[in-house]
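Here is a short tour of one protein model. Keep the sequence and the 3D view side by side as you read.

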Amino acid sequence: MSDTKGSAAYGAFGAMVARLRVEAGFAKQQDLAVALGVKQQTISRWEKGLSRPRSADIPALANALKADEALLGKTAGYAGVRQAEIQTAIAFDRPFPLHALSPESFERFCRFLLERLYRGRGIVHPYGAQGHEQKGIDIFATGEFGVHSFQCKRVEKFGAHKVHAAVADQTFEAQLRVLLLSTTASPDARDAVAKHKGWELWDREDISYKLRTLPERDQIDLVDIFFRGHRNDLLGINEAGPFLSKEDFFKPFLADDRLFHHQWELVGRSDDERSLLGHLANEQTLLTLLVGGPGYGKTRLLREAVLQASKSQPHRAIWFASPTEEIQAKHLEQLGSKPLLIVVDDAHDREDLGVLLRHAASNTNVRLLFSLRPYGTEALKHQAATFSLSEPQVKVVRLSHLSKAEAKTLAEEVLKKEGGPIATAPSIAEATYGLPLATVLGAQVVAREKIAPLLMGNVQAFQDHVLARLQDVITGSITTGQDSARLQAVLRIVSLVQPVVPDDPNLLKLIQDAEGVPPGDSARLLRLLIEAGVLFKRGRRYRVAPDLLADSVIQRNHVGPDRKANDRAIAVFDVASPEHLKHLLVNLGRLEWRLNDGETKDGVVLESIAPKLQWRDDYVNAHVAAVEAVAYYQPRFAIEFARRLIKEGHGDSSPVCGMLRNAAYTIEFLEEACGLLWKAGRTDNRALNQHPRHGIRILKELAEFEPNKPVEVVNKVVRFALSLLERPHSLQGAYTPFAILEGALGTEMESTTATSRAYTITRYQLPLHHAKEIREEIISSLLTRVSDRDPRMGFLAATTLSEAVRGPMHTQEREVWNAAHLTTLQRLFQVLTGNQINPIVLVRAAKSVGWHAFYGPTETKPLAKKILSLLDRDLPTRLVRALIDGWGTETYRISESGRREAHEAAQTTLIADLSKACPSATEPTNTSISGFASLQKLRIRDMAPRSC
């Protein structure tokens with residue numbers, strides 16, 4: 001696509017292309033190369049003036065650069081290029097509407113702008129706010145240049161007298177003092193500033209010009225923050241959307257001069273591709289999950305499958321979720337009602353999947369294809385189930401390792417293209433066949449370096465060498481010299497504490513404290529990593545791409561030979577902010593989780609950090625919050641820390657109970673976590689419904705049936721609660737094991753989803769056969785304890801029976817549930833008539849079946865009435881009934897008119913019988929003493945309305 005002459009024969013043309021490329025938004029030569037379909041080296045030769053495009057290619061270049069085709073052709077030396085037609089120009093050079101901002105917003109805008117203008121050479125600071133002594137300034141910047149100060153003036157007019165007043169007001173010392181105006185400065189104002197040495201005036205025109213000199217990404221960020229919705233008006237750039245075409249999504253992955261790209265042939269995935277395409281073509285399948293670890297080639301397979309799907313299903317529009325934008329319901333509405341396939345890569349890192357799942361569940365024309373890592377699979381399936389998406393609507397394709405023969409084929413392709421020794425392909429395949437990405441990277445490293453034959457024969461040594469060289473190869477391709485070492489330092493920190501915000505002052509400070517790289521240099525190097533595609537924006541933050549790179553950087557730099565976090569990781573831990581501290585533990589924990597294929601019992605990576613963990617009496621409590629976040633991946637580590645905190649008296653802390661809940665998701669640690677939750681919550685008298693992370697509430701929720709929740713989990717929690725009932729002291733706390741059992745007796749399943757805008761509760765029918773065995777075990781235990789000699793035990797068991805005979809609100813199995821409840825009532829009647837039951841226990845049992853006696857189905861109503869009739873057995877029981885059900889609303893029938901005739905008659909009879917049994921009001925009978933004694937053995941909480 002080029003004509004070549006001697007050295008710098010097209011210097012003027014090269015300078016023009018370089019300038020226009022930057023102005024058009026192509027930050028790197030590679031970006032323009034991809035747009036034109038040429039190699040980066042071609043663009044480089046053009047800009048150096050060593051060659052020029054062919055005349056036939058000038059129109060495409062002009063279109064990409066938004067330049068005058070005739071002028072480009074003329075500068076390139078083509079006299080015969082046709083003259084461009086004169087057209088009306090659409091300019092995007094008008095000043096920004098700074099006057100539309102409030103004074104506070106204008107000051108923030110100025111600070112954000114200055115932070116970008118001074119990036120890499122200084123740090124920008126706000127200087128107080130209204131009400132503070134500000135010495136006449138609002139913002140100042142510091143660096144090797146000294147100190148620059150700025151006054152922000154959001155005004156309609158600013159004449160010479162105001163300039164002199166502003167100068168006089170400033171007492172803050174600075175080498176350069178700047179007035180920032182939201183309006184256009186008058187000539188008098190500029191003349192006035194010129195009279196004061198060391199002063200400058202930047203008005204609306206100046207500020208707009210400086211903003212437009214920033215990189216395009218920075219311009220977009222500022223416009224989106226302060227002038228949202230006006231990106232096209234001010235910059236000529238279309239507003240961002242959450243959906244990308246397949247061409248736009250894969251564009252960054254197709255630059256074959258990068259170390260990571262998807263131009264290699266897809267090897268060894270034909271069966272997986274067929275499965276994917278089969279699910280996508282199946283009308284019943286609404287959600288397909290492509291599951292594989294880092295480096296398995298998920299994104300590469302997505303590209304191939306989507307290309308084939310677009311051919312076989314041309315009627316279905318295909319959109320990819322943008323990794324940088326959040327999806328909202330309004331965006332889905334804009335896609336219309338036509339058949340859709342929405343693809344989400346790295347779904348495990350997104351928080352907006354609920355919107356997509358809800359949309360697919362209610363629109364039969366929509367199909368979803370998500371790729372994700374194994375650790376996110378169960379959570380995503382559970383989330384899908386909350387929208388009634390489960391088998392056969394949900395299908396999973398799990399990627400496995402390539403075979404050695406397949407890895408050898410892939411290695412040969414890479415070595416051939418890179419000019420490496422083909423004979424080394426078998427050794428590369430032997431060492432890397434588990435991960436296609438590792439095979440590609442290993443072959444590239446071998447092709448670029450001389451690898452000792454002995455090393456090639458040692459699988460582990462070769463893997464270690466490739467991973468060690470990976471970071472060096474990447475940083476060496478971005479920069480050289482001293483910057484290369486600093487770039488590696490920045491990459492070490494970012495890999496350990498990702499996801500990150502590049503402009504975050506806490507991140508820049510962390511890099512300086514841990515690695516000694518000044519903030520200005522760190523900001524510049526982070527921008528280089530973004531431009532090189534190593535830092536990739538996902539949502540609102542940036543992550544290292546590919547994932548395997550981050551893993552290798554962490555493993556090489558922050559994990560020692562003993563597989564524990566080393567001194568360098570601990571040094572970062574000591575100076576990290578609370579947010580970065582949490583990410584540090586999660587990234588280390590995830591790394592070990594992946595290296596051990598999800599096995600966490602013998603995790604050791606965080607052992608060296610454990611002694612440094614401590615409780616902090618502040619709002620953040622950073623160490624506790626960080627361990628709660630990593631508990632899912634490191635349950636043993638979390639449980640030991642929680643045990644220490646509970647022993648120190650912090651069992652009522654929400655994060656402590658939260659880390660135990662997260663650890664309990666690993667079933668091997670479930671029983672141990674239950675024990676600690678019980679210890680933390682049994683004496684915590686806070687109401688459960690107001691404190692979602694109360695230890696007892698978490699235990700109750702662990703005992704509940706949920707969509708996609710293994711029955712084994714419920715069974716283990718129930719067995720744990722039943723074992724507690726064997727210990728007499730278990731009834732002595734604020735809560736008892738019966739509160740846990742109530743969770744398993746629920747008749748409906750519930751799931752919740754939350755976003756920044758909504759909290760959704762979804763309920764589902766619980767099939768009785770799904771819970772039958774566990775319910776029968778609980779009910780048998782309750783019936784046994786109804787006749788216990790301890791009246792408190794019997795009372796609580798009778799109370800919990802109310803949950804056992806409660807039916808679901810809506811079900812298609814009404815007859816099945818009625819039959820189960822009848823069986824329970826029959827067994828209860830036998831217990832109540834076959835044992836000497838304490839009066840208060842009998843009254844509580846009657847209350848539990850009251851609904852069935854008054855409103856129940858025909859199957860259960862007669863027997864429930866018989867149980868209520870037992871309350872007339874003797875005077876002590878009648879007395880206790882009167883004391884407990886004083887208003888007659890729980891064990892008496894209320895007429896349709898609202899009258900309580902039965903209750904009133906019973907009260908009259910009771911008074912008469914008590915008068916006969918106790919002729920002297922000053923001398924209580926054995927009957928009244930027995931009734932009051934029964935009540936005194938209970939606690940007020942036992943008789944109060946349930947709070948959970």
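## Cavities

The largest cavity has a volume of about 140 Å³. Its lining has 15 residues, and those closest to its centre are Arg373, Gln498, Arg543, Asn587 and Arg594. Three elements give two or more residues each to this lining: β15 (541-544), α26 (547-558) and α28 (578-595). The largest share, four residues, comes from α26. Sorted by class, the lining of the largest cavity has four nonpolar, three polar and eight charged residues. Here Ala, Val, Leu, Ile, Met, Phe, Trp, Tyr, Cys and Pro count as nonpolar, Asp, Glu, Lys and Arg as charged, and the others, Gly among them, as polar.

A cavity is a set of points, on a 1 Å grid over the protein atoms alone, where a 1.4 Å probe fits but cannot get out; lining residues have an atom within 4 Å of a point. Grid points are joined across faces, edges and corners, and a volume is the space filled by probe spheres set on the points. By this rule there are four cavities of 30 Å³ or more.

This is a predicted model: local features need pLDDT of at least 70, side-chain atom pairs count only at pLDDT 80 or more, and totals for chains, interfaces and linings use all residues. Residues are numbered from 1 along each chain as its sequence is written, and side-chain values use heavy atoms, with hydrogens and water left out.

## Two sheets

Helices (H or I, at least four residues) and strands (E, at least two) are DSSP runs, numbered from the N terminus. Two strands pair if DSSP finds at least two bridges between them.

One open sheet has five strands in the order β3-β4-β5-β6-β7, with mixed pairing. Its edge strands are β3 (122-126) and β7 (199-202), and each pairs on one side only. The twist averages 20° from one strand to the next. Angles run from 0 to 180 degrees between N-to-C directions, and axes are lines fitted to C-alpha atoms, for helices over the stretch in contact.

Another open sheet has six strands, ordered β8-β10-β11-β12-β9-β13, again with mixed pairing. At its edges stand β8 (243-244) and β13 (394-398), each with a single partner strand, so one side of each has no neighbour in the sheet.

The table lists pairs from both sheets.

| Strand pair | Sense | Bridges |
|---|---|---|
| β5 and β6 | parallel | six |
| β8 and β10 | antiparallel | two |
| β10 and β11 | parallel | four |
| β11 and β12 | parallel | five |

Now find some single bridges. Serine 149 has arginine 177 in β6 as its bridge partner. Phenylalanine 243 is matched with alanine 321 in β10. Leucine 340 has valine 366 in β12 as its partner.

## Buried parts

Buried means under 20% relative accessible area, exposed over 50%, and partly exposed in between (1.4 Å probe, protein chains only). Four of the five residues of strand β10 (residues 317-321) are buried, so β10 is largely enclosed by the rest of the structure.

How many of the 13 residues of α20 are buried? The count is 12, so α20 is largely enclosed by the rest of the structure. Among them are Pro436, Leu441 and Ala447. Helix α20 (residues 436-448) reaches 19 Å from its first C-alpha to its last, close to the 18 Å expected. The expected span is 1.5 Å times one less than the number of residues.

Alanine 798 lies in helix α37 (residues 791-804). Alanine 798 is buried, with a relative accessible area of 0%.

Definitions and conventions: 1 Å grid on protein atoms, 1.4 Å probe; cavity = no way out; pocket = protein on both sides within 12 Å on 5 of 7 lines; lining within 4 Å.
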